[in-house]
Amino acid sequence: MNQTRLGYLYGFGAYLIWGFFPVYLKLLRPAGPVEILAHRIVWSVLFVALVLAAMRNVGFLRALARRPRTLAGIGTAAALIAVNWTAYIYGVNSDRVVETALGYFINPLVVVLLGVFVLRERLRPAQWVALGVGALAVAVLTVDYGRLPYLALTLAFTFAGYGLVKKRLGLPAAEGFFVESAVLALPALAYLGWLAARGGSTFGHVSAGHTVLLALAGAVTAVPLLLFAGAANRLPLTGLGMLQYLAPILQLGCGVLLFHEPLPPARLAGFVLVWAALMIFTVDLLRQGRRNRIAARAPAPVTAG
């Protein structure tokens with residue numbers, strides 16, 4: 001199997017797991033969102049530590065200790081992903097899977113927005129049109145919900161911010177994720193200890209299956225991230241960009257078809273506008289990628305002299 005096909009296989013696996021993640025979270029009831037988050041952090045640290053030990057790659061910690069700015073960036077990334085995870089778990093367990101799916105549909109547009117305001121990037125006309133249509137979609141959904149879709153916007157902005165910080169840090173996937181999780185592990189362990197002391201922990205008190213599912217939170221969190229890293233290293237940006245829509249499509253399907261959440265006409269209209277914005281954005285991305293490939297293949301001009 002060539003590297004491109006392997007990359008698509010890794011990417012499909014990552015987004016498939018993320019797409020059906022709401023089903024897994026529903027199985028963790030009656031654990032609350034913060035308890036699930038704490039278990040997700042603690043078991044992620046243990047799982048990735050085992051992966052790194054198997055790879056015999058633990059020396060990177062000494063190098064990181066001498067880079068305070070990188071450690072500060074990792075702390076920022078950890079805070080953003082913690083907020084993202086908390087919002088997502090809360091959304092799923094409060095029967096708002098459809099709104100969480102909306103957040104990840106909006107995410108590519110927020111990434112473009114951060115590129116403008118943070119990285120000072122210049123947008124092509126089609127990208128401005130996509131952002132305008134996306135803003136109209138949020139307005140329509142605000143009218144439908146009777147409020148801003150704050151859960152979706154929280155997910156979109158925190159994940160986009162997390163991606164921006166990760167891009168600037170440039171750390172390998174497993175190593176970066178391990179340190180991020182380790183930053184959050186101490187407060188997570190403290191919370192789990194406090195919860196157990198007051199008799200509110202569900203770990204070991206519901207059923208053997210429930211306990212196993214909570215313990216698997218680390219693997220379920222880390223495996224798609226590692227698969228995604230493998231895909232990102234093998235695929236062009238356009239290919240990876242197309243795959244990213246798989247997860248929110250599956251999440252939307254879970255919300256409507258499995259959990260029977262409502263999708264009234266006005267809300268559906270908002271989603272249609274989001275999809276239109278993403279279509280404009282994707283077509284423009286594909287066209288620009290084709291132009292770049294043609295320019296790269298063009299012969300260099302011959303100069304006299």
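**Exercise 1. How much area does the protein expose, and what share of it do carbon and sulfur atoms supply?**

Solution. A word on the model before we start: it is predicted, so local features need pLDDT of at least 70 and side-chain atom pairs count only at pLDDT 80 or more, while totals for chains, interfaces and linings use all residues. Residues are numbered from 1 along each chain as its sequence is written, and side-chain values use heavy atoms, with hydrogens and water left out.

Step 1: take the accessible area by the Shrake-Rupley method with a 1.4 Å probe. The protein exposes about 15,500 Å².
Step 2: split this area by element. Carbon and sulfur atoms supply 69% of it.

**Exercise 2. Compare the radius of gyration of the protein with that of a compact globule.**

Solution. Step 1: apply the globule rule, 2.2 Å times the number of residues to the power 0.38, with the radius taken over C-alpha atoms. For 305 residues this gives a value near 19 Å.
Step 2: set the protein's 21 Å beside it; the two agree.
Step 3: add the box along the principal axes, which the C-alpha atoms fill at roughly 80 × 55 × 40 Å.

**Exercise 3. Count the helices and strands, then check the span of helix α5.**

Solution. Step 1: read the DSSP runs, numbered from the N terminus (helices are H or I with at least four residues, strands E with at least two). The count is 14 helices and zero strands.
Step 2: for the expected span of a helix, multiply 1.5 Å by one less than its number of residues. Helix α5 (residues 68–93) has 26 residues, and 38 Å is expected.
Step 3: compare with the model, where α5 reaches 37 Å from its first C-alpha to its last, close to the expected value.
Step 4: look just after α5, where D95 takes a positive phi of about 60°.

**Exercise 4. Sort S181 and R120 into buried or exposed.**

Solution. Step 1: fix the cut-offs for relative accessible area: buried is under 20%, exposed over 50%, and partly exposed in between (1.4 Å probe, protein chains only).
Step 2: S181, in helix α9 (residues 173–197), is buried because its relative accessibility is 3%.
Step 3: find its partners, with contact meaning heavy atoms within 4.5 Å. Leaving aside neighbours within four places in sequence, S181 touches I41, S44 and V45.
Step 4: R120 lies in the loop between α6 (97–117) and α7 (125–145). R120 is exposed because its relative accessible area is 67%.
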